[in-house]
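Here are my notebook entries from an afternoon with one model. Keep the viewer open and follow along with me.

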Amino acid sequence: MAAPSGDVLLRVDGVSKTFGGIAAVNGVSFEVSRGESVGLVGPNGAGKTTLFNCVCGQLRPEAGRIELEGRPLVDMPTFERARLGIGRTYQRVEVFPDMTVRDHLLVSYRARWRKGRLWRDLCNLSKPTAEETEKVDSVLGMVGLDDRAEAPVASLGLGSCRLVELARALVADPVVLMADEPSSGLDIHETQELGTVLRQVQRDRGMAMVLVEHDLSMVAEVVDRTVVMNLGEVIAEGAFATVMADPAVRTAYLGIQE
Amino acid sequence: MEHFLGFALPGIPYGCTYALVAVGLVLTYQATGVLNFAYGAQAYLSAFIFTYLVQNKHLPVGVAFVIAVVVVAPGVGLIFDRFLFRKIAPANVIAKLVTGISMLVGIPAVLAIIFTNSNQYNPPSILFNPDVVYFRIAGTPINGISVTCVVATVVTLVALLVLIRWTSLGLKMRGAVESRRLIELDGINGGRVVASAWAVSGLIAGLAGVMLAPQYGQLQFSDYADLMVAAFAAAAWAVLRSLSVAVLVGVLMGMTVTILQGYLPEGSIWSSAALTSLPFVVLVGALVLVPGMRTLGGAKDPLASVDPPTPPTTAALRAPEFDRVIRIAWYVLLVVFSVSMLTWMPKIWENVFNAGLAYSVVFLSITLITGMGGQLSLCQATLAGVGAFMAAQLANHLGLNFLVGGLVGAVAAALVAVVLAFASVRLRGLGLALMTIAAALVFDNVVFAEVDTVHGQPINVTPHLVGLGILNPNGRAFFVLAMVVLAVCVFLVLRVRRGSIGRFLGAMQGSSTAASGIGVNLTWMHVLVFGLSGAVAGIGGTLLSINQQAVNPNTFSWEFSLVFVVVVVTTGVNTPEGAIQAGFGYVVLQQVLTYVPGRLGGNSLLIIFFAFGALTYVAHPEGILEFQKRRWTLRFERLLLRDRTAPSSAAPPGPDGGPPVLASGPAVGG
């Protein structure tokens, strides 16, 4: 299914992934345009996170093509995809427990732009530059973590850790952000704040975003277009209000029989 | 064909011994999630007690069997569960390995102290008479030992298959291996299930130990340690899951050994190399070829999120003022130590401290790979040996100065480490530990054993090979050399740790998924940290050889790789400071123990000290010494800086900006 307008940034074409005979993702196709925000919704077990893992490189699909700006990704390792500009947050928080919040962002920035060199470390040339510090500070301010920059991430709560993940992805200037259930475990207030931040960042930076989310009010607020999956397949695609009115979606996702 | 069978059939009992231990390893792993490195030590313990009771206390064989196998063996399993492994979070693979390794080196040392001489002779058989040939197959005589091995293996295998597949306890065990805490939510007493598994596992270890004992005229731990490698290989092909595959591979290995013995020319290098390296080749084959081994130990407990995070290190908590005080104290200590070494230090202690410097460099390689890289390598002594042997060979054959040869040796050790890293690029945790121990054993049996002499003479490090008066008994040149080398190594390691590579390694250690997701090349980091660690170990090995004035393969054996790990883990694996304290602690204690009388002397008490010290790794992964330092630092800090108005900038806030996290307790997020 094609993106409605703009040049295509991310193309997922006929991707399939099975686990022991169970088709977690079955011939899924969709496109994301530059600067577009796409919601990927569906009931548990629909294959959303598996699809994310296929796009980001944690899993290798058995069939189909994935392209970023026309470059095929399927044979590319995860770290190279990240360096091309795929940023990611995780359903289950993945942070580096021994690091401070600032270090999370610094390491992400350097990994993205390949600034980590052994010889630079040995020559003591690896101290954060003014440019790096400015970049990190601006992203920390953007997500509201500037007052906890030096705190070890192990001392933060779940909500803050999710913000750290988001900031870690944003500091690398991703061309597309893959956010996997960013509001999971957050309360209503935190979810609203996160939705506002996501929308603002996405619009300000003009980056593309794919959002997997169960909180439909947040999806409605943040995305331009919604793709609905069920049992590994795309069952509807379009504007949020339109797809939510689709009988197939209401039956499969919301359990409402028409 | 009869010729072939004549070679193959005698291998079956040997294979059964591998299989029996492999079955025990599989059962333990299936029921507890622990690859029990201490299994060989458990088997040896029961065999030792059994033989001791029969030979020294003249108890009847049946009574001795009941005490050693039915009482002691399950008891040891229960102790392991209650006091050691139950405290380890299910996903903490390194802590499980370290705990098993500490028991592997600790139990024989305890026996050596209790019984003075840990070797026993002529272990008795409990089933069939070893001196009687019961029947012949293809002309091959089958005696009581062979029959005992085969019968014991078959009976144990059948009993275990029944237990695991068709009993309620077996079903609960299979659930407990995924998550003991999760089955408790279903109303099952998970603690009792896991304890039962440990008791059964201990019983099999004891049974295996006693059954195998008559094969050896002299009962010694090294035989059981060698047996473990073959058992690891068989268990690895079974992906630590299938009892029948473990038995099949074990028996095939035994048959292959005797077939090779039959067909290869006796006494040839091919014969000795093939026979000694077979288990390692089989183990490496499993690690490389069996996909299940790559992810082994990587399964996450569904309830892992309830585990508290590890506490921050001292350095992260200390107030800057106190940091300065500590830094100054270190400088003062360094100056006092250097002046003492260069002026009044007695010769005997000068040698001890010089050895401490050399060991510190070797231990620094463990700081790099385990502390910074988060990977457990069990071949660091081997890599040190590669450096030392390379320097010695270059000195003896090409006349190259030993110091220059040491640098070449460091490069060689780094290359060996890089090759090992590429071979284990997909392995983490358990798989990596097995791969590195296999490498260590290959080098011990195939490489070091072949190159430890020059023209039939041991490789001695002589003054003309080293030069610069370093081996002058009345000089201080070695101290200066060792200090410079250690300082340079520490300096470079600190630079790496504080730089981008250190941060990437920290990210990889924290979450490899997220690290690759932000663009960190995990393969390159894996290879890089192995290479750096190998180079440092190689330099340390050369230094150690100069200190000992000989290149001795025993110094670099796989047992020492294990001992080195527990020593560094005990003191503190995360910092170069910990490596230096480990180096000095190791040699100073060794020297102090020469002053204690009789059985307490030697290495046994030293190994026990560190082995049991390593058990604190679970509670204090930063090292018990590091933990105590943090505790006392913060006490002094509170005492001296209590009138400060603002809280310490280094003391992090609590959860979501709450009260500062106390050093003595972990910060609980969420």
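**Entry 1: a covered helix**

Which are the buried residues of H22(B)? Before answering, I noted the ground rules. I am looking at a predicted model, where local features need pLDDT of at least 70 and side-chain atom pairs count only at pLDDT 80 or more, while totals for chains, interfaces and linings use all residues. Residues are numbered from 1 along each chain as its sequence is written, and chains are lettered from A and ligands numbered from 1 in the order in which they are written.

Now the answer: I found B:Ser500, B:Ile501, B:Gly502, B:Arg503, B:Phe504, B:Leu505, B:Gly506, B:Ala507, B:Met508, B:Gln509 and B:Gly510. I call a residue buried if 20 or more other C-beta atoms lie within 10 Å of its own, exposed if 12 or fewer, and partly exposed in between, with C-beta atoms placed from the backbone. Helix H22 spans residues 500–510 of chain B, and eleven of its eleven residues are buried. Helices (H or I, at least four residues) and strands (E, at least two) are DSSP runs, numbered from the N terminus.

I then looked up what covers H22(B). The cover includes H3 and H4 of chain A, as well as H16, helix H21 (477–498), helix H23 (512–517) and helix H24 (522–548) of chain B.

**Entry 2: where the chains meet**

Since chain A had turned up, I checked how it touches chain B. I found 42 residues of chain A in contact with 36 residues of chain B; contact here needs C-beta atoms, placed from the backbone, within 7 Å. On the chain A side, helix H2 (78–84), helix H3 (101–112), helix H4 (118–122) and helix H6 (158–170) each give two or more residues. H3(A) gives the most, with seven residues. By class, I noted 20 nonpolar, nine polar and 13 charged residues on this side. Ala, Val, Leu, Ile, Met, Phe, Trp, Tyr, Cys and Pro count as nonpolar, Asp, Glu, Lys and Arg as charged, and the others, Gly among them, as polar.

**Entry 3: chain B and two helix pairs**

I counted 28 helices and six strands in chain B. Of its 670 residues, 53% are buried.

How do H16 (residues 347–372) and H26 (residues 576–593) of chain B pack? I read an angle of about 140°, with the axes 7 Å apart. Axes are lines fitted to C-alpha atoms, for helices over the stretch in contact, and angles run from 0 to 180 degrees between N-to-C directions. That makes H16(B) oblique to H26(B): angles under 35 degrees count as roughly parallel, over 145 as roughly antiparallel, 65 to 115 as roughly perpendicular and the rest as oblique. Their contact has 15 nonpolar, six polar and no charged residues.

My other pair was helix H17 (residues 380–398) and helix H19 (residues 429–451) of chain B, whose axes come within 11 Å and cross at roughly 20°. That makes H17(B) roughly parallel to H19(B). Here B:Thr382, B:Gly385, B:Phe389 and B:Gln393 of H17(B) meet B:Ala439, B:Ala440, B:Phe443, B:Phe448 and B:Val451 of H19(B). I listed six nonpolar, three polar and no charged residues in this contact.

**Entry 4: the sheet in chain A**

Back in chain A, I traced an open sheet of six strands in the order S6-S7-S8-S3-S9-S10, with mixed pairing. Two strands pair if DSSP finds at least two bridges between them. Strand S6 (86–89) and strand S10 (233–238) are the edges, each pairing on one side only. On average, neighbouring strands are turned by 15° against each other, direction ignored.

Strand S3 (residues 37–41) has five of its five residues buried. A:Ser37, A:Gly39 and A:Val41 lie on one side and A:Val38 and A:Leu40 on the other, so I could see from the burial cut-off that both faces are covered. Four bridges join S3(A) to strand S8 (residues 208–212), and the two run parallel. Four bridges also join S3(A) to strand S9 (residues 225–230), again running parallel. I followed A:Val38 both ways: its partner in S8(A) is A:Val210, and in S9(A) A:Val38 stands opposite A:Arg225. A:Leu40 stands opposite A:Val212 in S8(A).

Conventions:
Two residues are in contact if their C-beta atoms, placed from the backbone, lie within 7 Å.
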